[in-house]
Amino acid sequence: MASQVQLYSTALSIVSIPKASYPAFFHGIVKLITHSWEDEYRKVLAHRGTDSTLSASATKRLSLRLSSDDNSSSPAADTFSEDDHIDDKITALQEFVNVSFTPVECSVICPTELVDLLFTTPLGLVPSNVLHEKYLAIQVDGDGVDSGSRLLEITAPLSSAGIPIFFIPTYFSDYVLVPSRVQSTVTRALESRGFVFSNTANSYVNMTDTPASPVTEKPLFESDLTNSADSSGPPPLSPDLQSLGESTFEQFSAKGVRPEINTSTKLLLTGARAQNKSTHLHSSMYLKIIEILITPPTYFSLTITDGLEVSFIINQDMVHAFPTELLLGSVTDFLIPISFDLSALPEDSTGIVAGVASRLLKAPHDSLTIMQMSYLSTAKSGVVMISEEDLNLAISALQ
């Protein structure tokens, strides 16, 4: 497990939009990603009155401000309190947003309050669905860990605990979405595995040298049990993880789920960073995103975190349409998508992400390096993204 994990506090909803229904949601999605909902949200709060309870961060800022004010009951202090509360709520609603397109659907992940604000009308007019669970995002710092191992380290323990998850990769970090009802379970698991909450980092930091896995301590690889590995290839998976992969594909077989391998499609995971929350992204970047949303491609994903970091999964043909000087990282490290239509599976299915990853990592090959991959979850589909050099191995593993 990575050394730093941050649990976000804002309740998220996941909206599944059939491609035919997407035009009705277009304007709401544009408002969502361009933050043009903020003025409307302020008006809503002003109309109904703000909640009486401030968040912890807002309360702390108010205490500092009011303690230096000789007359805390003055009108100016009252005005500050209300404005600070609204600003704090808006900041919280910028924590995590994702809009993704796959061959199956358009999927929107955003704060539940914004679903009510932006999508109430289209949800009542055209076929669409909001998943019944509310979710919380967990940010995982994966620096220095290869993507295949990180994917399993994050998802396998949660799957073993029977927790349904969604997985969203970004250029900056990986995110796991867990039902809000299991927040205490995840928190206790982190603490039991040596994680301590750091006020400085505002996240859980692993204070031990032992790799941490939330919820369970079962090893991922047989070498974790034997302290030895076959020098001719990557370490074999543990029996528990092999079983998880087998049960996942048995479920796929029962429901007729088959992988769709898109060898002609090449995707790039990249990102951009705004200078501050008041400026957000460069205007030319937003214009290109909106242009894409007008007629979205088969594969596209946009994730915005904390109103500052923006990550894209874009088709090879789109790369040069963006201001390349604003994109981060390599613009040539392409990934091949392998998609699964999961609409026949129950919403609370568990083990899908880890099961697919374990099947792929089980593929025999000569390299000592674990297969490079990532996984994008949407409401009703899963997309594994494989490096071009590992594609043949992935196809063999999935046949």
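## A walk through the chain, from one loop inward

Let's start at His35, which sits in the loop between α1 and α2 (38–48). Keep in mind that you're looking at a predicted model. His35 has a positive phi of about 65°, even though it is not a glycine. Is His35 buried or exposed? With a relative accessible area of 9%, His35 counts as buried, because the cut-off for that is under 20%.

There's another residue with this kind of backbone angle. Asp306 also isn't a glycine, and its phi is positive too, at about 55°. You'll find Asp306 in the loop between β13 (300–305) and β14 (309–315). Asp306 has a relative accessible area of 28%, so it falls in the partly exposed class, between 20% and 50%.

Now zoom out for a moment. The chain has 399 residues, and 52% of them count as buried. It holds 12 helices and 17 strands. Take the contacts between residues with a separation of 6 or more: 75% of those link residues 24 or more positions apart. As for the outside, the chain exposes about 18,000 Å², and carbon and sulfur atoms supply 49% of that.

What about the inside? In soluble globular proteins, nonpolar side chains tend to be buried together. Here, the largest nonpolar core has 43 residues, and the ones touching the most other members are Ile29, Leu32, Val108, Leu293, Phe300, Phe312 and Phe322. Which helix gives the most to this core? That's α1 (residues 22–34), with seven residues.

Leu293 is a nice one to click on. Leaving out residues up to four places away in sequence, Leu293 touches Tyr22, Phe26, Ile29, Val30, Ile33, Phe101 and Phe300. Apart from this core lies another one, made of 39 residues, including Ile154, Val182, Leu361 and Met373.

Finally, look for the holes. The model has three cavities of 30 Å³ or more. Let's visit the second largest, which has a volume of about 30 Å³. Which residues line the second largest cavity? They are Gln242, Gly245, Glu246, Ser358, Arg359 and Lys362. Two elements give two or more residues to this lining, namely α9 (239–255) and α11 (352–361). Of these, α9 gives the most, with three residues. The lining of this second largest cavity has a character of its own: three of its residues are polar, three are charged and none is nonpolar.

Note on methods: Residues are numbered from 1 along each chain as its sequence is written. This is a predicted model: local features need pLDDT of at least 70, side-chain atom pairs count only at pLDDT 80 or more; totals for chains, interfaces and linings use all residues. Side-chain values use heavy atoms; hydrogens and water are left out. A nonpolar core is a set of buried Ala, Val, Leu, Ile, Met, Phe, Trp, Tyr and Cys residues joined through side-chain atoms within 4.5 Å. Buried means under 20% relative accessible area, exposed over 50%, partly exposed in between (1.4 Å probe, protein chains only). Helices (H or I, at least four residues) and strands (E, at least two) are DSSP runs, numbered from the N terminus. Contact means heavy atoms within 4.5 Å. On a 1 Å grid over the protein atoms alone, a cavity is a set of points where a 1.4 Å probe fits but cannot get out, and a pocket is an open set with protein on both sides within 12 Å along at least five of seven lines; lining residues have an atom within 4 Å of a point. Grid points are joined across faces, edges and corners, and a volume is the space filled by probe spheres set on the points. Ala, Val, Leu, Ile, Met, Phe, Trp, Tyr, Cys and Pro count as nonpolar, Asp, Glu, Lys and Arg as charged, and the others, Gly among them, as polar. Accessible areas come from the Shrake-Rupley method with a 1.4 Å probe; for residues, only the protein chains shown count as cover.
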